[in-house]
Amino acid sequence: MSIFDEIGKIVDNFNSEFDKVNSQEKIVELKNKYLGRKGLIANLFSQIGKVEAQDRKEFGKSLNLLKNELISKIDKKNKQFSISEEKSNKNDYSLPGYSFNKGSQHPLTQAIDEMLDIFNHLGFDIAYGPEVETDWFNFGSLNFPENHPARDMQDTFYTEGNGILRTHTSPVQTRFMTKNKPPIRIVAPGRVYRNEAISARSYCLFNQIEGLYVDENVTFSELRGTLDMFCKMYFGSDVKIKFRTSYFPFTEPSAEVDVSCFLCGGKGCRVCKNTGWLEILGCGMVDPNVFKSVGYDPEKVNGFAFGLGVERMAMLKLGINDIRILYENDIEFLKQF
Ligand code: DAH
């Protein structure tokens, strides 16, 4: 077979293969087979030395013609495939997806949930009370004398009519006791309001969790054990806790609990007022007058109560040194939790 016949054969083969091509991949394959560096056309070019001298010019010319024809046929088909592929590929599932910002719960919500979870483990149910209270539940039922300074307009926000924004969650104690009989073991989370100067450590509203345990023969050491356990479960077992004697109208005896300020490592900072300690809760044995105000017989039952400041505790744990940031909805701050 002469080398010219070979050209003819290649043309025939190409045409029949070309007609069968049905995808872009196949056209690339075909291109490589005929026009690649080691393809059939290149192979023919390399054999030019074997051609009789007088025929070489003719041979080279027809080979070039053939090559150009194959190139233009292949390119044309390739373009058709690209266009139809574009049309059918409106959705390209191989592209990376759009990223979007995922929300998360507010750090305070997370802290409250975590604290309630711990109290749940310690056997406390959850109770709720209203944020707009009556003077009776917020103060009177809790043994506040008529002239107690906490009733002062400076601390308490009053609403139109005779309502007040509760200044603590303690009224949930007396509300719950008027509707339920002992034994009682509840915690009550919620917002409280005080007309105080706003600073790094106090805000006009904040969250408390109230605790109440009423039964027969409840002891102060049970109170200590419960709070000790709670603090260790929330802060970790090496937290330092200090009980200080204190006074509240609704408990007798009363105490306040401080934890070591690990925001500053105990050295003193603006959150702990340079004392190295942070007051996180008040507690005590329920005053007999409180039992009387809800119709319980203080000779038959007793109990303990406590009220803790959620923000103070969460700030300590999360290393936040200004309470106001918890109420500013600063997305850069919130994104961290
Ligand atoms: N209600 C108190 C406050 O807001 C905190 C408190 C102290 C709650 C002693 C209690 C308690 O239940 O026993 O400052």
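**Exercise 1.** Which backbone atom of Phe-306 lies 3.3 Å from an oxygen atom of the ligand? Find it, together with the other polar contacts of the ligand.

*Solution.* The model is predicted, so local features need pLDDT of at least 70 and side-chain atom pairs count only at pLDDT 80 or more, while totals for chains, interfaces and linings use all residues. Residues are numbered from 1 along each chain as its sequence is written, and side-chain values use heavy atoms, with hydrogens and water left out.

Step 1. A polar contact is a pair of N or O atoms within 3.5 Å. In Phe-306 the atom is a backbone N or O, 3.3 Å from a ligand oxygen.

Step 2. A polar backbone atom of Ala-305 is 3.2 Å from an oxygen atom of the ligand.

Step 3. With Glu-210 the side chain takes part: one of its N or O atoms is 2.6 Å from a ligand oxygen. Of the 360 Å² of accessible area that the ligand has on its own (Shrake-Rupley method, 1.4 Å probe), the protein covers 90%.

**Exercise 2.** Describe the shell of residues around the ligand.

*Solution.* Step 1. A residue belongs here if one of its heavy atoms lies within 4 Å of the ligand. There are 15 such residues, and His-168, Ser-170, Arg-194, Gln-208 and Glu-210 come nearest.

Step 2. Sort them by class: Ala, Val, Leu, Ile, Met, Phe, Trp, Tyr, Cys and Pro are nonpolar, Asp, Glu, Lys and Arg charged, and the others, Gly among them, polar. The shell then has five nonpolar, eight polar and two charged residues.

Step 3. Assign elements, which are DSSP runs numbered from the N terminus (helices H or I, at least four residues; strands E, at least two). At least two shell residues come from each of strand 5, strand 8 and strand 9.

**Exercise 3.** Which space does the ligand take, and what lines that space?

*Solution.* Step 1. On a 1 Å grid over the protein atoms alone, a pocket is an open set of points where a 1.4 Å probe fits, with protein on both sides within 12 Å along at least five of seven lines; lining residues have an atom within 4 Å of a point. A molecule sits in a pocket if more than half of its atoms lie within 2 Å of the grid points. The ligand takes the largest pocket.

Step 2. Volume is the space filled by probe spheres set on the points, which are joined across faces, edges and corners. For the largest pocket this is about 830 Å³.

Step 3. The lining has 39 residues, with Arg-194, Phe-206, Gln-208, Phe-248 and Glu-279 nearest the centre. Two or more lining residues come from each of strand 5 (205–215), strand 7 (251–260), strand 8 (277–286), strand 9 (302–309) and helix 10 (310–318). Strand 8 gives the largest share, six residues.

Step 4. By class, the lining divides into 17 nonpolar, 13 polar and nine charged residues.

**Exercise 4.** Locate the cis peptide bonds at Pro-183 and Pro-253.

*Solution.* Step 1. Pro-182 and Pro-183 are joined by a cis bond with omega about 0°; Pro-183 is in the loop between helix 7 (171–179) and strand 4 (184–193).

Step 2. Between Glu-252 and Pro-253 the bond is also cis, with omega about -5°, and Pro-253 is in strand 7.

Conventions
Polar contact = N/O pair within 3.5 Å; in protein donor to acceptor, adjacent residues only side chain to side chain.
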